[in-house]
Amino acid sequence: DVRTEHFFDGLAGIAVFDFSHGEVHLATRLIETETLRRLRDHAQYDSLTFGTPMSWSSLASWPFGMLLDNTPINFYPANGSLYATSDSSYRHRVDLDSLDTLHAHNTDPIGPMGAAHPAVDTDTGEIFNYVGPNQVGFDFRNLHPSAEYLLVREWHEPSGELQREQIGAVWAPLPWIAHSVGLTKHFAIYRILSERPTMSLDVQFLSNFLHFDRNIRSR
């Protein structure tokens, strides 16, 4: 048996409530992630976690990116479906009627990380997100490793396939969290939380916020 030791380490799932005729009906399903399949088929919890020991013995045969495909944090709507996300660039398409997992974007040519809370324009269906790391390096001035993350505008095709356009990029010290994206009429606002205890992205880059014009793609 595997016991999770942090609230964020639970398996991704969806719960739907229906209120009708004075009654409440509840339906729940687990999202068919690779994390779930590995746990079900091999009794191994192969996901990066906040506090639950994972099955490190499987790392030699399991791609690192797949350790991030559990998507228990967030949902956003697009094309009549819901997409489950986490703090990775991966997401799972869920049918609103059957709650079946229809499509998985769980490999990414740029990198496995993304915002835990991307911003969605409900009028256009556009998603503003991070993705990376695109490349890694070392900051010799401040003496710490760093990585480049792309700031992107994304959208889903009717098939569920994910498309994206780059609108910017940022170098950030490691480790750090691409936490969330906000949206106003004219700007996409990217929020970054640095995990380093020293002065880093918090002070140097607009007090944690990067503002990008939504129309002309400039900061």
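This passage describes a few residues of a predicted model, beginning with a histidine and its surroundings.

A good place to start is H105, which belongs to strand β6, spanning residues 101–105. With a relative accessibility of 14%, H105 counts as buried, because the limit for that class is under 20%. The side chain of H105 forms a polar contact with the side chain of D108, at 2.9 Å. Once neighbours within four places in sequence are set aside, the contacts of H105 are S89, Y90, R91, L162 and R164.

One of those partners, S89, deserves a visit of its own. S89 sits in the loop that runs between β4 (81–85) and β5 (91–95). Although S89 is in a loop, its relative accessible area is 0%, so this residue is buried. D108 appears here again: the side chain of S89 makes a polar contact with the side chain of D108 at 3.4 Å. The side chain of D108 is thus in polar contact with the side chains of both H105 and S89. Beyond four places in sequence, S89 touches H105, D108, G111, P112, M113, G114 and V131. S89 can also be placed relative to G132: the two lie 43 residues apart in sequence, while their C-alpha atoms are 7.8 Å apart in space.

G132 leads on to an item of backbone geometry. The peptide bond joining G132 and P133 is cis, with omega of about -5°. P133 itself is part of strand β8, which covers residues 127–139. Most peptide bonds, by contrast, are trans.

V131, a contact of S89, is also touched by L150. L150 lies in strand β9, residues 144–156, and is buried, with a relative accessible area of 7%. Leaving out residues up to four places away in sequence, L150 touches I110, N129, Y130, V131, N134, Q166, G168 and A169. The C-alpha atoms of L150 and Q135 are separated by 9.8 Å, and these two residues are 15 apart along the chain.

Two loop residues round off the backbone picture. Most residues other than glycine have a negative phi. N79, however, has a positive phi of about 55°; its place is in the loop between β3 (74–78) and β4. L99, likewise not a glycine, has a positive phi of about 65° and lies in the loop between β5 and β6. Their surroundings can be set side by side: N79 is partly exposed at 46% relative accessibility, whereas L99 counts as buried at 5%.

Methods
Residues are numbered from 1 along each chain as its sequence is written. This is a predicted model: local features need pLDDT of at least 70, side-chain atom pairs count only at pLDDT 80 or more; totals for chains, interfaces and linings use all residues. Side-chain values use heavy atoms; hydrogens and water are left out. Helices (H or I, at least four residues) and strands (E, at least two) are DSSP runs, numbered from the N terminus. Buried means under 20% relative accessible area, exposed over 50%, partly exposed in between (1.4 Å probe, protein chains only). A polar contact is a pair of N or O atoms within 3.5 Å; within protein, one must be able to donate a hydrogen and the other to accept it, and residues adjacent in sequence count only if both atoms are side-chain atoms. Contact means heavy atoms within 4.5 Å.
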